[in-house]
Amino acid sequence: MNPYNTIYDGRKLLERLRPYQMGALTCLASYGIVDSRELLNNKVKILDSDKLLKIYKELDKLADEEHNALSWLCLYFRTFPMNGVNGFKSRTKLLVSKYDSF
């Protein structure tokens with residue numbers, strides 16, 4: 001019963017995260033990793049997997065604090081349940097497939 005695990009307004013949460021997500025995707029599009037035309041249609045299409053992998057490998061060069069924070073976020077969101085009573089979809093009341101992470 002962690003109060004930080006309670007999402008009171010799922011739409012508000014996703015809208016608060018949207019600028020960060022779009023900023024990251026726009027950055028990837030500027031490097032030619034993601035198709036910018038598809039991004040305008042709210043779709044993500046990877047154009048260059050090699051460049052994406054290179055960026056991923058560069059994360060190993062981060063400071064320990066940054067690396068630990070990114071590792072925790074990746075692990076948390078990779079293991080976070082999407083379905084079920086305590087899943088993200090149920091807690092946010094957002095059942096639209098465009099929010100699916102898989």
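The largest nonpolar core of this predicted model consists of 5 residues, namely Leu25, Ala29, Ile33, Val34 and Leu39. One member of that core, Leu39, has contacts beyond its neighbours within four places in sequence: it touches Met22, Leu25, Thr26, Ala29 and Val44. Two of these partners, Leu25 and Ala29, are themselves listed in the core.

**Overall architecture**

The chain contains 5 helices and 0 strands, and its elements follow the order α-α-α-α-α from the N terminus. Of its 102 residues, 15% are classed as buried. Contacts between residues at least 6 apart in sequence include a 26% share that joins residues at least 24 apart. The exposed surface of the chain amounts to about 8800 Å², and 58% of that surface is supplied by carbon and sulfur atoms.

**The segment from α1 to α2**

Helix α1 spans residues 10–30, and Asp35 is situated in the loop that separates α1 from α2. Asp35 has a relative accessible area of 8%, and it therefore counts as buried, the cut-off for that class being under 20%. With its neighbours within four places in sequence set aside, Asp35 is in contact with Lys45 and Leu47. The C-alpha atoms of Asp35 and Lys45 lie 5.5 Å apart, although the two residues are separated by 10 positions in sequence.

Ser36 belongs to helix α2, which covers residues 36–40. Its relative accessibility is 42%, so Ser36 is partly exposed; that class lies between the limits of 20% and 50%. Ser36 and Thr26 are also 10 residues apart in sequence, with a C-alpha to C-alpha distance of 7.5 Å.

The two pairs are set out below.

| Residue pair | Separation in sequence | C-alpha to C-alpha distance |
|---|---|---|
| Asp35 and Lys45 | 10 residues | 5.5 Å |
| Ser36 and Thr26 | 10 residues | 7.5 Å |

**Helix α3 and the nonpolar surface patch**

Helix α3 comprises residues 49–58 and is hardly covered, since 0 of its 10 residues count as buried. At the N-terminal end of α3, Asp48 acts as a cap, with a side-chain oxygen placed 3.2 Å from the backbone nitrogen of Asp50.

Leu53 is located in helix α3. With a relative accessible area of 43%, Leu53 is partly exposed. Leu53 also takes part in a nonpolar surface patch together with Tyr56, Leu59, Leu70, Trp72, Leu73 and Phe77. The combined accessible area of these patch residues is about 710 Å². At least two residues of the patch come from α3, and at least two come from α4, the helix at 64–79. The greatest contribution is made by α4, which provides 4 residues.

**Summary of the picture**

The model thus presents an all-helical set of elements, with 5 helices and 0 strands. Its largest nonpolar core includes Leu25 and Leu39, whereas the nonpolar patch to which α3 and α4 contribute lies on the surface.

Methods
Residues are numbered from 1 along each chain as its sequence is written. This is a predicted model: local features need pLDDT of at least 70, side-chain atom pairs count only at pLDDT 80 or more; totals for chains, interfaces and linings use all residues. Side-chain values use heavy atoms; hydrogens and water are left out. Buried means under 20% relative accessible area, exposed over 50%, partly exposed in between (1.4 Å probe, protein chains only). Contact means heavy atoms within 4.5 Å. Accessible areas come from the Shrake-Rupley method with a 1.4 Å probe; for residues, only the protein chains shown count as cover. A nonpolar core is a set of buried Ala, Val, Leu, Ile, Met, Phe, Trp, Tyr and Cys residues joined through side-chain atoms within 4.5 Å. A polar contact is a pair of N or O atoms within 3.5 Å; within protein, one must be able to donate a hydrogen and the other to accept it, and residues adjacent in sequence count only if both atoms are side-chain atoms. Patches are made of residues with over 30% relative accessible area and no salt bridge: like charges are joined within 9 Å, nonpolar side chains (Val, Leu, Ile, Met, Phe, Trp, Tyr) within 5 Å. A salt bridge is a side-chain nitrogen of Lys or Arg within 4 Å of a carboxyl oxygen of Asp or Glu.
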